[in-house]
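This report reads a single structure from its overall layout down to a few individual residues. The sequence and coordinates are shown first.

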Amino acid sequence: PGVPGLSENIRVRSVLGRFLEHSRVVVAGVPGDPANPLRALIGSADMMHRNLDRRVEAMVELRDPAHVRHLDELFELAFSPDVATWHLDGEGVWTRHHLDEAGEPLRDIQFAIEKDYAQRRRKGRRR
């Protein structure tokens, strides 16, 4: 990511936290652009030779627009500057970003998602 003339428009961020997850999500396209609509794939493989050549891995495209929008919202959260992440630079070096400019901890995305889903479950039970 970030290599001029090759990948200057690509950012790689890891939101690894309390839960070690192995799922992968790929979202491409432009929200609201009929010429380049959002497409989303989910799967288990991180595109490495050891995973693709010697294991059974799967990726599937999501077809329900509501599911694609939900994944896009998760990406917006993941790329929010107030969420703790690891950033990969063009040299292949990961840098941890977990404090804001004042030295305060940034939000944990997994905790935020877990809290949001718990609230959704509670609201669903009240109906």
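The text below moves from the whole chain to an aromatic pair and then to one serine.

The model is predicted, and its protein chain contains three helices and six strands, which follow one another along the sequence in the pattern β-β-β-α-β-α-β-β-α. The C-alpha trace spans about 50 × 40 × 35 Å along its principal axes, and of the 127 residues in the protein chain, 15% are buried. About 9900 Å² of the protein chain is exposed, with carbon and sulfur atoms supplying 55% of that area. When contacts between residues at least 6 apart in sequence are considered, 41% of them join residues at least 24 apart. As for charge, the mean positions of the 20 positive and 20 negative charges lie 9 Å apart.

The structure holds one aromatic pair, formed by Phe 75 and Phe 79, whose ring centres are 6.3 Å apart and whose planes meet at 20°. The pair is classed as stacked because that angle of 20° falls under the 30 degrees set for this class.

The table lists the relative accessible area of both partners and of Ser 7.

| Residue | Relative accessible area | Class |
|---|---|---|
| Phe 75 | 26% | partly exposed |
| Phe 79 | 27% | partly exposed |
| Ser 7 | 7% | buried |

Ser 7 sits in the segment before β1 (12–14), and it counts as buried because its relative accessible area of 7% is under 20%. Apart from neighbours within four places in sequence, Ser 7 is in contact with Pro 1 and Gly 2.

Notes. Residues numbered from 1 in each chain as written. Predicted model: local features only at pLDDT ≥ 70, side-chain atom pairs only at ≥ 80, totals over all residues. Heavy atoms only, no water. Phe/Tyr/Trp six-rings, centres within 6.5 Å; stacked < 30°, edge-to-face > 60°. Buried < 20%, exposed > 50% of the residue type's maximum accessible area, 1.4 Å probe, protein only. Helix = DSSP H or I, 4+ residues; strand = E, 2+ residues; numbered from the N terminus. Contact = heavy atoms within 4.5 Å. Areas by Shrake-Rupley, 256 points an atom, 1.4 Å probe, with all protein chains shown as cover. Lys, Arg positive; Asp, Glu negative; His and termini not counted. Charge placed at Lys NZ, Arg CZ, Asp CG, Glu CD.
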